[in-house]
Amino acid sequence: MAVPLRPISDVEFIVGGVPGDLDHPEGVTWGPDGYAYAGGEAGQIYRIDVEARTYEQIASLEGFVAGLCCDRDANIYACDIGAHKVMRVEAGGGAVQVLSTGTAEVPMVVPNYPCFHPSGDLYVSDSQTAGEFTGRIFRITPSGETVLFSDASRYFTNGMCVDRNGEWLYVVETWLPGVSRIRILDDGSAGERQVVTVLPDHMPDGVQFDEDDVLHITMYTPDRIYRMLPDGHLQLLVDDPTHETISSPTNIVFGGADRRLLLMACLGRWQINGLRVETPGIPLVYPAPIGG
């Protein structure tokens, strides 16, 4: 097996770590207000101060909260798996409202992860149910309309991110298992799909780019994070054979004032962890709120 670039001891506990702390977070994001945000399996929305190593629950949704992201006002867009909806939580933990349930023809089944495009479009993965290979991606326009973007990356459509130029949507397909990408055309619709990497005997979950165009990929199992270089070469960044620190890592995000703190949600336990890295992540997109 490849030797990890970093020892597991370099991974820091940011918040949580004890049973009863964060409720099995799957999603984590970084807000424009300097806070991290995460979800819990009973519908919790957490706001996290990574410097103080503290957190508070600011809202509660109907069901298991998967991925989430923020707009420029720090409103939170969260995938609620139990409710089969994308919800919006007003900044500061205010009112909660339904943003999307899919389209009239194609309802959302397992909304999993949202990410913004520079156009202001919000792309949302819908994983579907085990064994069906019918995952898909919705696009929610800045006006609030939901359209079906693509069903080409169908093998349990999971974490996603947009490249620095907004040309490609990178999509984790957990049961591929690997990562594909779909070209985003000028009108926001889907172009060609390409498979960019395959990871046999792994279950990938989350993806994010750094400023060197290196794609970071988390593994739900085994407990690892890989780096995919621009030439496609894979490097093992960190590995946790004991399942104690980066326990079933799911979504990741580059946070901190310098975007050099790689935050990871650990679905198998009760914490958000962090790894200090040399190269910052590409800036997240924080558009105007959907619907004005």
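## Salt bridges and backbone oddities in an all-strand chain

The side chains of glutamate 211 and arginine 164 come together in a salt bridge, with N and O 3.2 Å apart. Glutamate 211 sits in the loop between β18 (203–209) and β19 (215–221), while arginine 164 sits in the loop between β14 (157–162) and β15 (168–173), so this pair ties together parts that are 47 residues apart in sequence. Keep in mind that what you're looking at is a predicted model.

Glutamate 211 has another partner: arginine 259, with the closest N and O atoms 2.9 Å apart. This pair also links distant parts of the chain, since arginine 259 is in the loop between β22 (249–255) and β23 (261–266), 48 residues away from glutamate 211. Add Asp213 and you have a network of salt bridges linking Arg164, Glu211, Asp213 and Arg259.

How open to the surroundings are these side chains? Glutamate 211 counts as partly exposed at 27% relative accessibility. Arginine 164 is partly exposed too, at 37%, and arginine 259 gets the partly exposed label at 24%.

Now for a salt bridge in another setting. Arginine 139 pairs with aspartate 121, and their closest N and O atoms are 3.3 Å apart. Here arginine 139 belongs to strand β12 (residues 136–140) and aspartate 121 to the loop between β10 (111–116) and β11 (122–126), so the bridge ties together parts 18 residues apart in sequence. Buried means under 20% relative accessible area, so arginine 139 makes the cut at 12%, and aspartate 121 does as well at 6%. In total, the structure holds 14 salt bridges.

Here are the three pairs described above, side by side.

| Acidic residue | Basic residue | Closest N to O |
|---|---|---|
| Glutamate 211 | Arginine 164 | 3.2 Å |
| Glutamate 211 | Arginine 259 | 2.9 Å |
| Aspartate 121 | Arginine 139 | 3.3 Å |

On to the overall build. How many helices and strands does the chain have? There are zero helices and 24 strands. A compact globule of 292 residues would have a radius of gyration near 19 Å, and the chain's 17 Å agrees with that. Along the principal axes, the C-alpha atoms fill a box of roughly 50 × 40 × 35 Å. Buried residues account for 57% of the 292. Of the contacts with a separation of 6 or more, 48% are between residues 24 or more positions apart.

As for the surface, about 11,000 Å² is accessible, and carbon and sulfur atoms contribute 48% of that. The charge count comes to 19 positive and 40 negative side chains, with the centres of the two sets 3 Å apart.

Finally, the backbone has a few spots to look at. Most residues other than glycine have a negative phi, and most peptide bonds are trans. Leucine 176 and proline 177 are joined by a cis peptide bond, with omega about -15°; proline 177 is in the loop between β15 and β16 (178–184). Another cis bond runs from threonine 221 to proline 222, with omega near -10°, and proline 222 lies in the loop between β19 and β20 (224–228).

Where is aspartate 201 found? Its place is the loop between β17 (190–198) and β18. Aspartate 201 has a positive phi of about 65° despite not being a glycine, and at 76% relative accessibility it counts as exposed. Histidine 243 has a positive phi as well, near 65°. Histidine 243 is in the loop between β21 (234–239) and β22 and is partly exposed at 31%.

How values were computed:
Residues numbered from 1 in each chain as written. Predicted model: local features only at pLDDT ≥ 70, side-chain atom pairs only at ≥ 80, totals over all residues. Heavy atoms only, no water. Salt bridge = Lys/Arg side-chain N within 4 Å of Asp/Glu carboxyl O. Helix = DSSP H or I, 4+ residues; strand = E, 2+ residues; numbered from the N terminus. Buried < 20%, exposed > 50% of the residue type's maximum accessible area, 1.4 Å probe, protein only. Rg over C-alpha atoms; globule rule 2.2 N^0.38 Å. Contact = heavy atoms within 4.5 Å. Areas by Shrake-Rupley, 256 points an atom, 1.4 Å probe, with all protein chains shown as cover. Lys, Arg positive; Asp, Glu negative; His and termini not counted. Charge placed at Lys NZ, Arg CZ, Asp CG, Glu CD.
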